[in-house]
Amino acid sequence: MTTSPGHFAHGLAERLTTTRIGRRVFAFDELDSTNTYALDHGEDGAVYVAERQTAGRGRFNRQWLSKGGVGLWFTVALENAPEGLVYTAALAVRDGAAPDCALAIKWPNDLLYNKRKVCGILVEQREHLTALGIGINVRQQPGDFPPELREKASSLEHESGRTIDRAALLQRVLTDLDQKIMLLEQGSAAALRSEWAAACNLAGRRVQCGDTRGTVLDIDEAGALHLETTEGRVRLLSGDLTFLDGA
Ligand code: BTN
């Protein structure tokens, strides 16, 4: 394990009892992006953690704010990753955080706390290598976010009023992810997908995604959303949802 004693993830690999992921943990003070690093250097099952990222990125090529000391910015590298990683990772973050915080999943894979986003997941692929990047806002206060994000984004500590140990949280998320990835690889994708679809809690909701507005009918085997719209049934594989029915 390549960590310096001062790093919050120091000693993590030795504490982990995982099988598939996290036997090697590489912890950095700074990276441009843990996903970029994993795609360039990734070895199967390794975890790359950065205290801060200078070019953290989110879905749709958006910037992901990744200051030092306030978050968990990490990537799991997987060779020949099983299908279903996106929803499996959302469940693992929810369950790993559960002792401290009750998170909700917003389709497809944002984690919300009190309706504010506290975690985002970015899955990227280069040939047979998959980078599963997870960013969890742990300690930010509202002033740490730009004004336009303050209503939408928050952190676990701010919403819960509790102190969160980042190393312990990372250990729990990786442990849960390891178990769920093994279930996926053993053929339990359908059960995990159903659990995730139920957690998204979307049936009957009025939503907007880009220019498309409609009522959610269901989520199919690929995790795509089916909407009833004025133009008929529309299938969405990903996107940013806005709820039109307020709740
Ligand atoms: C999103 O919601 O748009 C996804 C955000 C993903 C952020 C994480 S932080 C660790 C990893 N490295 C990155 O550059 N991005 C992901």
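**Figure 1. The hairpin of E9 and E10 has a glycine with a positive phi.** In this predicted model, five residues sit between the strands of the E9 and E10 hairpin. One residue to look for here is Gly 223, whose phi is positive, near 85°. Strand E10 covers residues 225–229 and pairs with E9 in the antiparallel sense, over four bridges. To find one of the matched positions, start from Asp 218: its bridge partner in E10 is His 226.

**Figure 2. The hairpin of E8 and E9 has two residues between its strands.** Here strand E8 (residues 206–209) runs antiparallel to strand E9 (residues 212–219), and the pair is joined over four bridges. Cys 209 has Thr 212 as its bridge partner in E9. Val 207 is matched with Gly 214 of E9. Which residue of this hairpin takes a positive phi near 60°? That is Gly 210.

**Figure 3. Five strands make an open, antiparallel sheet.** Step back from the two hairpins and you can follow the strand order E11-E10-E9-E8-E12. What stands at the edges of this sheet? Strand E11 (232–236) and strand E12 (241–243) do, and each has a single partner strand, so one side of each is left without a neighbour in the sheet. On average, neighbouring strands here are turned by 45° against each other, direction ignored.

**Figure 4. Seven strands make an open sheet with mixed pairing.** Read across, the order is E1-E2-E3-E7-E6-E5-E4. Strand E1 (25–31) and E4 are the edge strands; each of them has a single partner, so one side of each is without a neighbour in the sheet. Between neighbouring strands of this sheet the average turn is 20°, direction ignored. As background, strands of a sheet pair through backbone hydrogen bonds, either parallel or antiparallel.

**Figure 5. E3 and E7 pair up, and two helices pack on their sheet.** E3 and E7 are an antiparallel pair, with nine bridges between them. A handy landmark is Phe 74, whose bridge partner in E7 is Ile 134. Helix H3 packs on the sheet and touches E3, E4, E5, E6 and E7. The direction of H3 makes about 30° with that of E7. Helix H5 (residues 166–185) packs on the sheet too, where its contacts are strand E2 (47–53), E3 and E7. For H5, the angle given is with the direction of E3, and that comes to about 25°.

**Figure 6. Helices H3 and H6 cross in a left-handed way.** H3 (residues 85–97) and H6 (residues 189–200) pack at an angle of about 65°, and their axes are 9 Å apart. From H3, the residues that meet the other helix are Tyr 87, Thr 88, Ala 90, Leu 91, Arg 94 and Asp 95. Across from them, H6 brings Ala 189, Leu 192, Arg 193, Glu 195, Trp 196 and Ala 199. What kinds of residues make this contact? Seven are nonpolar, one is polar and four are charged.

**Figure 7. The largest pocket has a volume of about 1,300 Å³.** It is lined by 50 residues, and those closest to its centre are Lys 106, Asp 110, Leu 112, Lys 117 and Lys 152. Several elements each supply at least two residues of the lining, including helix H2 (34–41), strand E3 (71–79), H6 and E12. Which strand gives the most? E6 does, with five residues. By class, the lining has 21 nonpolar, 16 polar and 13 charged residues.

**Figure 8. The second largest pocket holds about 560 Å³.** Its lining is made of 23 residues, and Gly 84, Leu 85, Val 86, Val 123 and Ala 222 lie nearest the centre. H3, E6 and H6 are the elements that give two or more residues to this lining. E6 has the largest share here, with four residues. Sorted by class, the lining of this second largest pocket has 14 nonpolar, six polar and three charged residues.

**Figure 9. The largest cavity has about 40 Å³ of space.** Counting cavities of 30 Å³ or more gives one. Around the largest cavity are Leu 65, Ser 66, Lys 67, Val 70, Trp 73, Gln 140, Asp 144 and Phe 145. This lining divides into four nonpolar, two polar and two charged residues.

How values were computed. Residues are numbered from 1 along each chain as its sequence is written. This is a predicted model: local features need pLDDT of at least 70, side-chain atom pairs count only at pLDDT 80 or more; totals for chains, interfaces and linings use all residues. Side-chain values use heavy atoms; hydrogens and water are left out. Axes are lines fitted to C-alpha atoms, for helices over the stretch in contact, and angles run from 0 to 180 degrees between N-to-C directions. A crossing is left-handed if the near helix is turned anticlockwise from the far one by less than a right angle, and right-handed if clockwise. Contact means heavy atoms within 4.5 Å. Ala, Val, Leu, Ile, Met, Phe, Trp, Tyr, Cys and Pro count as nonpolar, Asp, Glu, Lys and Arg as charged, and the others, Gly among them, as polar. Two strands pair if DSSP finds at least two bridges between them. On a 1 Å grid over the protein atoms alone, a cavity is a set of points where a 1.4 Å probe fits but cannot get out, and a pocket is an open set with protein on both sides within 12 Å along at least five of seven lines; lining residues have an atom within 4 Å of a point. Grid points are joined across faces, edges and corners, and a volume is the space filled by probe spheres set on the points.
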